[in-house]
Amino acid sequence: MIAPIGSANLPTAQAEPSPLQDITIVSDAKLTDRLPDDLPSDPMHWADAWLKEATAAKVQRNPNSMTIASVAADSQPSSRVVLCKDFVPDPGYLVFYTNYRSQKSLEWTVNPRAAALMHWDSLGRQVRIEGTIVRSPEEESDAYFASRDWGSQLGAWGSDQSETIASHDALVSQIRQRAANLGLTLDPDTQTLADDNIPLIARPAHWGGFRLWATAIELWIEGKNRVHDRARWQRDIVRTSAHTFSVTPWTGVRLQP
Ligand SMILES: Cc1cc2nc3c(=O)[nH]c(=O)nc-3n(C[C@H](O)[C@H](O)[C@H](O)COP(=O)(O)O)c2cc1C
């Protein structure tokens, strides 16, 4: 299947039906949802279940999208959306992929703290997760990169994420040049593959996964008349290897909304 490289002014193969047409809207029944009086001891499993529910219910185009914040050396926070590609409730981290030279990645090399936020408006639910950022194991990033289509793989090579560029045209020609370097032959007019011969594309060393190991999590449920339900859990984590931590049990408290 020949796919476009996804540049804004380039033609796409076919208009797809809107993924929002089957959207689920939070119902009155849902607004009676609450966390149990005795707060659960496994909040990451709750968040995982909510993510799975949001995915199954097709509540939005990218139900796994999350805002993630980093903090610069001058204490300025910034946030952006990334896709959560793995949610691991035990021992409790989530995984996303990005360019290791991007603004957020450079900030995490100095201050490896992050805050992630998932919000499913139509389910009336929000999850906040704070914690420590480490890189994913190389072999995990390799396996994920290999599973992606050629257009996404080219994207990782083609864009020097967070760096400036003179124009959109300059970006397109940079991507075309890098595609050629990788042995990809693009059709000059459509930017689709000119033939079905897709070479094996290796993961660039500057692109890969991060794990956000949770030290705090908050679950928020929309309630009737703004009587929302809200609880926050905390725990300690101690580094045991480049990618892993040992963890203490979660302790939770209910918060006023
Ligand atoms: C829905 C959506 C999903 C995105 N997913 C990712 C992602 O998984 N990884 C990524 O690096 N950027 C992703 N982006 C782009 C980021 O929001 C951001 O522009 C980019 O990572 C550069 O951020 P930085 O300059 O702050 O480091 C996504 C944007 C949107 C709107």
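This dialogue reads selected features of a predicted model.

Student: Which strands does the antiparallel pairing join, and how many bridges are there?

Tutor: The general idea is that two strands count as paired if DSSP finds at least two bridges between them. Here strand β1, residues 65-71, runs antiparallel to strand β2, residues 77-83, and 7 bridges join them. As one instance of the register, A69 has S79 in β2 as its bridge partner.

Student: How many residues lie between the strands of this hairpin, and which residue takes a positive phi?

Tutor: Between β1 and β2 there are 5 residues, and S75 in this hairpin has a positive phi near 75 degrees.

Student: Where is K58, and what is its phi?

Tutor: K58 belongs to the loop between α1 (43-56) and β1. Its phi is positive, near 50 degrees, although K58 is a residue other than glycine.

Student: Which residues are joined by a cis peptide bond?

Tutor: The cis bond joins D90 and P91, with omega about 5 degrees. P91 is placed in the loop between β3 (86-88) and β4.

Student: Let us turn to the ligand. Which residues of its surroundings come nearest?

Tutor: A residue is taken as near a molecule if its C-beta atom, placed from the backbone, lies within 6 Å of that molecule. In this model 16 residues are around the ligand, and R80, T98, S102, Q103 and S162 come nearest.

Student: Which elements each supply at least two residues of that shell, and which gives the most?

Tutor: β2, β4 (93-99) and α2 (103-110) each supply at least two residues. The greatest contribution comes from β2, with 5 residues. Strand β2 is thus met again, having been described as the antiparallel partner of β1.

Student: What is the make-up of the shell by class?

Tutor: The shell around the ligand has 9 polar, 5 nonpolar and 2 charged residues.

Student: At what angle do helices α4 and α5 cross?

Tutor: The axes of α4 (residues 150-158) and α5 (residues 168-181) cross at roughly 110 degrees and come within 9 Å. Because of that angle, α4 is roughly perpendicular to α5, the range for that term being 65 to 115 degrees.

Student: Is the crossing left-handed or right-handed, and which residues meet?

Tutor: The crossing of α4 past α5 is right-handed. On the α4 side L154, W157 and G158 take part, and they meet Q174, I175, R178 and A179 in α5. By class, this contact has 4 nonpolar, 2 polar and 1 charged residues.

Note on methods
Residues numbered from 1 in each chain as written. Predicted model: local features only at pLDDT ≥ 70, side-chain atom pairs only at ≥ 80, totals over all residues. Helix = DSSP H or I, 4+ residues; strand = E, 2+ residues; numbered from the N terminus. Nonpolar A, V, L, I, M, F, W, Y, C, P; charged D, E, K, R; others polar. Axes fitted to C-alpha atoms, helices over the stretch in contact; angles between N-to-C directions. Parallel < 35°, antiparallel > 145°, perpendicular 65-115°, else oblique. Left-handed = near helix turned anticlockwise from the far one by under 90°. Contact = placed C-beta atoms within 7 Å.
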